[in-house]
Amino acid sequence: MIKGHRNHPLWYAYALHRVSGLTLVLFLPLHFYVLSLALTQPQRLDGFLHWTEIPAVKFAEMGLVFLLSVHLLGGIRLLVLELLPWSPRQKTWAALAAGGALFVSGTFLLNAV
Amino acid sequence: MDIRLYMAQRLSAIIMIPLVFGHLGVMIYAIQGGLSASEILSRTQGSVFWFLFYGLFVIAVSVHGAIGLRTILSEFLRLNDLALDAIMWGFGLVSIFMGARAVSAVTWL
């Protein structure tokens with residue numbers, strides 16, 4: 001059973017920020033490794049990029065773009081909360097972060113397929 | 001959390017706001033028609049702008065990711081400060097090294 005304090009939009013905003021941050025941090029070394037193949041093994045980089053043409057991989061990429069966008073917009077929400085005076089519009093910011101991220105990653109996918 | 005880590009986390013976040021917006025734009029632009037090594041390199045190789053852009057990005061994201069990882073681990077696992085600091089420094093240094101290698105791989109002529 002979900003505890004009362006967790007059944008709140010801002011708790012989900014917190015959880016999404018943690019999950020997106022952790023996923024991005026784990027993805028980062030892989031991302032750097034693949035790019036550095038350009039230096040050491042260009043053929044393997046092209047082979048890897050060819051693999052990214054698979055539709056399922058493109059959807060996974062959309063997921064990463066979504067996580068990056070939602071972490072960015074959620075992070076801006078946090079900075080606004082911490083650095084600017086509090087306002088009743090906090091929940092609107094959280095919703096805008098999710099909506100904006102969906103828009104950015106959707107645009108990515110439309111260009112990818 | 002240490003106030004210096006808190007400040008470094010906020011500062012690296014503020015630095016990255018324009019960089020992430022830029023990176024999202026580059027991704028949406030670059031993905032059109034698929035990606036190839038030669039296409040990426042033709043855009044980035046020899047470019048001082050992209051070297052500085054992604055060089056700064058690598059430093060900021062390594063700091064931010066390492067501190068964020070420490071925060072999450074401290075919330076969910078019962079680790080002492082020594083272990084948390086070791087993981088933070090380990091991740092941060094490996095990330096900076098790998099990131100610097102990646103940036104030089106795609107921007108160096």
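Visitor: How many helices and strands are there in chain B?

Guide: In this predicted model, chain B has 4 helices and 0 strands. Read along the sequence, its pattern is α-α-α-α.

Visitor: What is the secondary structure of chain A?

Guide: Chain A also comes to 4 helices and 0 strands, and its pattern along the sequence is α-α-α-α.

Visitor: How far does each C-alpha trace span along its principal axes?

Guide: For chain B the spans are about 45 × 25 × 25 Å. For chain A they are about 55 × 30 × 25 Å.

Visitor: What radius of gyration does chain A have, against a compact globule of 113 residues?

Guide: Such a globule would have a value near 13 Å, whereas chain A has 17 Å.

Visitor: What percentage of residues is buried in each chain?

Guide: A residue counts as buried if 20 or more other C-beta atoms lie within 10 Å of its own. By that cut-off, 28% of the 109 residues of chain B are buried. In chain A, buried residues make up 26% of 113.

Visitor: What share of the contacts joins residues 24 or more positions apart?

Guide: Counting contacts with a separation of 6 or more, the share is 79% in chain B. The corresponding share in chain A is 73%.

Visitor: How many residues does each chain give to the contact?

Guide: Chain A gives 30 residues and chain B gives 28 residues. On the side of chain A, the elements with two or more residues are α1 (9–40), α2 (42–51), α3 (55–83) and α4 (90–112). The largest share, 12 residues, comes from α1(A).

Visitor: How do the residues on that side of chain A divide into nonpolar, polar and charged?

Guide: The side of chain A that touches chain B has 20 nonpolar, 7 polar and 3 charged residues.

Notes:
Residues are numbered from 1 along each chain as its sequence is written. Chains are lettered from A and ligands numbered from 1 in the order in which they are written. This is a predicted model: local features need pLDDT of at least 70, side-chain atom pairs count only at pLDDT 80 or more; totals for chains, interfaces and linings use all residues. Two residues are in contact if their C-beta atoms, placed from the backbone, lie within 7 Å. Ala, Val, Leu, Ile, Met, Phe, Trp, Tyr, Cys and Pro count as nonpolar, Asp, Glu, Lys and Arg as charged, and the others, Gly among them, as polar. A residue is buried if 20 or more other C-beta atoms lie within 10 Å of its own, exposed if 12 or fewer, and partly exposed in between; C-beta atoms are placed from the backbone. The radius of gyration is taken over C-alpha atoms; the globule rule is 2.2 Å times the number of residues to the power 0.38.
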